[in-house]
Amino acid sequence: MRIDIVTIFPEFFSVLDVSLLGRARQTGLIELGVHDLRDFTSDRHRTVDDTPYGGGAGMVMKPEPWGEALDGILDLSGTLGADAPVVIFPSPAGELFTQKLAQELAAEPQLVFGCGRYEGIDQRVVDYASTRARVRLVSLGDYVLNGGEVATMAMIEAIGRLIPGVVGNPQSLVEESHSDGLLEYPSYTKPGEWRGFEVPPVLLSGNHAAIAKWRHDQQLERTRAVRPDLLPPDLAVAEDAAPRA
C-alpha cells in the first residue's frame with residue numbers, strides 16, 4: 001500500500017518511523033510520502049489560508065496549494081493499477097471511522113490523507129479531488145480537533161496494522177475489540193496472583209471450551225456495560241435481567 005499525507009506539519013508524522021508501521025515501511029509493505037503543503041504555494045510568505053467568503057471567525061485553507069499538491073500526488077496512481085486512489089479528508093462533518101471502514105481501506109492500493117487546519121479546507125478542493133479520486137470525509141468521533149494530523153495518524157495506525165504481514169500474529173487481529181462487533185475480553189499474564197488480585201481460575205484450567213465461553217461472556221458483559229449501542233436489542237439486556245416467559 002502507498003500512503004500519502006498532505007500537511008503543514010510534516011514533522012508530526014516522524015512517529016511512523018517506529019514500531020510496527022516503521023518496520024512495515026522498511027520491508028516495503030507500506031510506502032509513505034509526507035508532503036508539506038507550503039511547498040506548493042507561490043508567494044514569498046508560503047501562505048496557505050485566507051479569510052472566509054461570507055464572513056465569520058477564523059481562516060480557511062486556500063484551494064491553490066491543495067490543487068497543486070493533489071495534482072502531483074494523484075499522478076502517482078498510474079503505477080498502482082487501474083483503481084483510483086482514495087482521498088480522505090479528516091472532518092467532524094464526515095462519516096464515522098470504524099473498524100469495518102479500517103478493514104475496507106486496508107485493501108486499497110493508495111490512500112491520500114488531506115490534513116486540514118483552521119476552519120477547514122475550501123470546499124472546492126474536495127469537489128476537485130472527487131474528479132480525480134474517490135473522496136471520503138471521515139470523522140473519529142463527535143468532537144473537534146485542532147487539525148487533521150491526529151485523526152490521520154489514528155487512521156493510519158488502525159488501517160496499517162490490518163495490512164497482511166504488518167502484525168506478526170494474524171490471529172491477534174481476530175480476537176481484539178470490534179473484530180466481531182463486541183469489545184475485547186480482559187487479558188491476564190503471569191504471575192497468577194499480584195497485589196491481592198488473582199487470575200480467573202478458568203484461565204488456569206486448561207479447559208479450552210470453558211475458556212472460550214468465559215471470554216465470550218466477558219465480551220458480552222463488557223459491551224453491555226460500556227457500549228450497549230453495539231449490541232442487537234436481544235443481547236443488549238443481560239440474561240439474568242431478561243423478562244421470564
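Welcome to the tour: this structure holds one cavity of 30 Å³ or more. Keep in mind as you go that the model is predicted.

**Stop 1: the cavity**

Select Ile3, Leu16, Leu21, Arg25, Ile30, Leu32 and Ile156, and you will have the lining of the largest cavity on screen. The space they surround comes to about 40 Å³. Colour this selection by class, and you should find six nonpolar residues, one charged residue and no polar ones.

**Stop 2: the pocket**

Next, move to the largest pocket, where about 520 Å³ of space lies. Its lining has 26 residues; to centre your view, pick Pro90, Ser91, Pro92, Gly116 and Gly120, the closest to the middle of the pocket.

Now switch to a cartoon view. Which elements each supply at least two residues of this lining? Highlight strand S5 (86-96), helix H4 (123-129) and strand S7 (134-139) to see them. S5 gives the most, with five residues. Colouring the pocket lining by class gives 14 nonpolar, ten polar and two charged residues.

**Stop 3: Gln219**

For the last stop, select helix H7 (residues 208-226) and pick out Gln219 within it. Is Gln219 buried or exposed? Its relative accessible area is 8%, so Gln219 is buried, the cut-off for that label being under 20%.

To see what is around this side of the helix, show Asp180, Leu182, Leu183, Glu184 and Tyr185 as sticks: these are the residues in contact with Gln219 once its neighbours within four places in sequence are left aside.

Key: Residues are numbered from 1 along each chain as its sequence is written. This is a predicted model: local features need pLDDT of at least 70, side-chain atom pairs count only at pLDDT 80 or more; totals for chains, interfaces and linings use all residues. Side-chain values use heavy atoms; hydrogens and water are left out. Helices (H or I, at least four residues) and strands (E, at least two) are DSSP runs, numbered from the N terminus. Buried means under 20% relative accessible area, exposed over 50%, partly exposed in between (1.4 Å probe, protein chains only). Contact means heavy atoms within 4.5 Å. On a 1 Å grid over the protein atoms alone, a cavity is a set of points where a 1.4 Å probe fits but cannot get out, and a pocket is an open set with protein on both sides within 12 Å along at least five of seven lines; lining residues have an atom within 4 Å of a point. Grid points are joined across faces, edges and corners, and a volume is the space filled by probe spheres set on the points. Ala, Val, Leu, Ile, Met, Phe, Trp, Tyr, Cys and Pro count as nonpolar, Asp, Glu, Lys and Arg as charged, and the others, Gly among them, as polar.
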